[in-house]
Amino acid sequence: MAFGFFDAQGKLAQELTRQHNVSLSFFDGHSDLDRTEARSTLGINAIMNATYHVSLAQVAWRYAPSSRLMLTNRAAYMRERSDAVNPRELPLGGSAHREWVWNTSLAWNWRPNAPLQAGGSFRRIAEDGFSARYNFNPLAVRRRDEWRGTGLRAGGFVEQGWIRGPLTLTAGARFDGFTLVEPRAI
């Protein structure tokens, strides 16, 4: 059996001015499972070969007009893809996941010893895939599950702090929501 993983990652950051900073980062990873040498001992529903690929890219902008205020925005895209085949090289399953994300946050010391923080997150999530099972005859395939759907997730928070000597008090609120846009079970 052979299992391998390869990845690459990097980050570029630039301070445009004393107030503005931007960055770009990425990650790309790939893994493989290869059991071809054991092909003769594997059952019809055993995984012989499988792959997985994940990619992530993110861009960020930080704005700090003063030592008392900082605004940060991040946008990212992530995707994952996987598949598996049996000893006859027939598909056993596969899936794809995609996600867009935007996060924003604000940190403001509007008064000495009174930090205010707020932020939000918005995500668009999509996924599809299938799994298959073969009965005694390899040509008699039964798709067990097949799915496809999209969802939107949003959330936010606000938090006010008060610091007096060694004592810190914090009060805040958080909200979250999730909606399925295209739930289709096939």
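What radius of gyration does the protein chain have, and what would a compact globule of 186 residues have? The protein chain has 24 Å, whereas a compact globule of 186 residues would have a radius of gyration near 16 Å. The structure discussed here is a predicted model. Its chain contains 9 strands and 0 helices, and buried residues make up 23% of its 186 residues. The points below take up the overall form, the aromatic pairs, the salt bridges and some features of the surface.

**Overall form**

- Along the sequence, the protein chain reads β-β-β-β-β-β-β-β-β, which agrees with a count of 9 strands and 0 helices.
- Taken along the principal axes, the box filled by the C-alpha atoms of the protein chain is roughly 75 × 35 × 30 Å.

**Aromatic pairs**

- A pair of aromatic rings is described by two quantities, the distance of the centres and the angle of the planes.
- The whole structure holds 3 aromatic pairs, and two of them are described here, beginning with Y77 and W100.
- The pair of Y77 and W100 is tilted, because the planes of the rings stand at 45°, and the ring centres are 4.6 Å apart.
- Y77 belongs to strand β4 (residues 69–85) and W100 to strand β5 (residues 91–111), so this pair ties together parts that are 23 residues apart in sequence.
- Y77 counts as partly exposed because its relative accessibility is 24%, whereas W100 is exposed, with a relative accessible area of 52%.
- The second pair consists of W102 and F122, and this pair is stacked, with 15° between the planes and 5.4 Å from centre to centre.
- Because W102 lies in strand β5 and F122 in strand β6 (residues 114–134), their pair ties together parts that are 20 residues apart in sequence.
- Are W102 and F122 buried or partly exposed? W102 is partly exposed, with a relative accessible area of 37%, and F122 counts as partly exposed at 40% relative accessibility.

**Salt bridges**

- Side chains of opposite charge can pair when their charged atoms come close.
- The count of salt bridges comes to 4, and among them is the one in which the side chains of E89 and R39 meet, at 3.3 Å from N to O.
- E89 is in the loop between β4 and β5, and R39 is in the loop between β2 and β3, so the pair ties together parts that are 50 residues apart in sequence.
- R39 counts as partly exposed because its relative accessibility is 34%.
- Another salt bridge links R98 with D128, whose closest N and O atoms are 3.2 Å apart.
- Which strands does the pair of R98 and D128 tie together? R98 lies in strand β5 and D128 in strand β6, so the parts tied together are 30 residues apart in sequence.
- R98 is partly exposed, with a relative accessible area of 29%.
- A further salt bridge joins E99 and R123, and here the closest N and O atoms are 2.5 Å apart.
- E99 is placed in strand β5 and R123 in strand β6, so this pair ties together parts that are 24 residues apart in sequence.
- Why does E99 count as buried? Buried means under 20% relative accessible area, and E99 counts as buried because its relative accessibility is 8%.
- Its partner R123 counts as partly exposed, at 26% relative accessibility.

**A charge over a ring**

- What does the charged end of R153 sit over? The charged end of R153 sits over the ring of F178, at 4.7 Å from the centre of that ring.

**Nonpolar surface patch and Y63**

- L12, L24 and V59 make a nonpolar surface patch of about 290 Å².
- Of these residues, L24 has its place in strand β2 (residues 20–34), and L24 counts as partly exposed because its relative accessibility is 45%.
- Y63 is found in strand β3, and Y63 counts as partly exposed at 27% relative accessibility.
- Y63 and L12 are 51 residues apart along the chain, and their C-alpha atoms are separated by 17 Å.

Note on methods. Residues numbered from 1 in each chain as written. Predicted model: local features only at pLDDT ≥ 70, side-chain atom pairs only at ≥ 80, totals over all residues. Heavy atoms only, no water. Patch = residues over 30% accessible without salt bridge, like charges linked within 9 Å, V, L, I, M, F, W, Y side chains within 5 Å. Areas by Shrake-Rupley, 256 points an atom, 1.4 Å probe, with all protein chains shown as cover. Helix = DSSP H or I, 4+ residues; strand = E, 2+ residues; numbered from the N terminus. Buried < 20%, exposed > 50% of the residue type's maximum accessible area, 1.4 Å probe, protein only. Phe/Tyr/Trp six-rings, centres within 6.5 Å; stacked < 30°, edge-to-face > 60°. Lys NZ or Arg CZ within 6 Å of the ring centre and 35° of its normal. Rg over C-alpha atoms; globule rule 2.2 N^0.38 Å.
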